[in-house]
Amino acid sequence: MFFLGLGLLLLVLKSMEISPVASWPWLAVLAPLGFAVLWWWWADSTGYTKKKVMQRENAKRQARIDRTKEAIGTLNRKKRR
């Protein structure tokens, strides 16, 4: 997300001709967008994205289980402290 934001910022600065970005070559301005594409490709191809989604889902599931146990009063005393 950092590369995407940086790329869009540089693109806006270049198109509005704000210095020092106005004098930079287009390749330097668009490079962060290329890095963002490479990051997304790597994250999807290695399973990084799927792993992070599964971790968030498991954390939500465990929180829901803990809330239910707390509501019915069966949560371990160790977790209450």
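Reader: How many helices and how many strands does the protein have?

Author: In this predicted model, the protein has four helices and zero strands, and from the N terminus on its elements run α-α-α-α.

Reader: What makes the radius of gyration of the protein stand apart from that of a compact globule of 81 residues?

Author: A compact globule of 81 residues would have a radius of gyration near 12 Å, whereas the protein has 23 Å. The spans of the C-alpha trace can be set beside this value, for along the principal axes they are about 65 × 30 × 15 Å. Buried residues, those under 20% relative accessible area, make up 11% of the 81 residues. Of the contacts with a separation of 6 or more, 31% join residues 24 or more positions apart. The protein exposes about 6,900 Å², and carbon and sulfur atoms supply 65% of that area.

Reader: How do you know that the length of helix 3 agrees with its number of residues?

Author: Helix 3 covers residues 48-72, which is 25 residues, and at 1.5 Å a residue these should span 36 Å. The expected span is 1.5 Å times one less than the number of residues. The end C-alpha atoms of helix 3 are 37 Å apart, and therefore the two values agree. After helix 3 comes Gly73, with a positive phi near 80°.

Reader: Which residues make the nonpolar surface patch, and which element gives the largest share of it?

Author: The patch, of about 1,100 Å², is made by Phe2, Phe3, Phe35, Val37, Leu38, Trp39, Trp40, Trp41, Trp42 and Tyr48. Two elements, helix 1 (2-15) and helix 2, each give two or more residues to the patch, and helix 2 supplies the largest share, with seven residues.

Reader: Why is Phe35 called partly exposed?

Author: Partly exposed is the class between under 20%, which is buried, and over 50%, which is exposed. Phe35 has a relative accessibility of 45%, and therefore counts as partly exposed. Phe35 is found in helix 2.

Reader: Why does Tyr48 count as partly exposed, and where is Tyr48 placed?

Author: Tyr48 counts as partly exposed because its relative accessibility is 35%, and its place is in helix 3. Although both residues belong to the nonpolar patch, Phe35 and Tyr48 are 17 Å apart in space, C-alpha to C-alpha, and 13 residues apart in sequence.

Reader: Why is Ala31 called partly exposed, and how is Ala31 placed relative to Ala43?

Author: With a relative accessibility of 29%, Ala31 counts as partly exposed, because the value falls between the limits of 20% and 50%. Ala31 lies in helix 2, which runs over residues 26-46. The C-alpha atoms of Ala31 and Ala43 are separated by 18 Å, the two residues being twelve residues apart along the chain.

Reader: Why is Glu17 called exposed, and what is the sign of its phi?

Author: Exposed means over 50% relative accessible area, and Glu17 has 66%, so Glu17 is exposed. Its phi is positive, about 55°, although Glu17 is not a glycine. Glu17 is found in the loop between helix 1 and helix 2.

Reader: What is the omega of the peptide bond from Ser19 to Pro20, and is that bond cis or trans?

Author: The omega of that bond is near 0°, and the peptide bond from Ser19 to Pro20 is cis. The place of Pro20, too, is in the loop between helix 1 and helix 2.

Key. Residues are numbered from 1 along each chain as its sequence is written. This is a predicted model: local features need pLDDT of at least 70, side-chain atom pairs count only at pLDDT 80 or more; totals for chains, interfaces and linings use all residues. Side-chain values use heavy atoms; hydrogens and water are left out. Buried means under 20% relative accessible area, exposed over 50%, partly exposed in between (1.4 Å probe, protein chains only). Patches are made of residues with over 30% relative accessible area and no salt bridge: like charges are joined within 9 Å, nonpolar side chains (Val, Leu, Ile, Met, Phe, Trp, Tyr) within 5 Å. Accessible areas come from the Shrake-Rupley method with a 1.4 Å probe; for residues, only the protein chains shown count as cover. A salt bridge is a side-chain nitrogen of Lys or Arg within 4 Å of a carboxyl oxygen of Asp or Glu. The radius of gyration is taken over C-alpha atoms; the globule rule is 2.2 Å times the number of residues to the power 0.38. Contact means heavy atoms within 4.5 Å.
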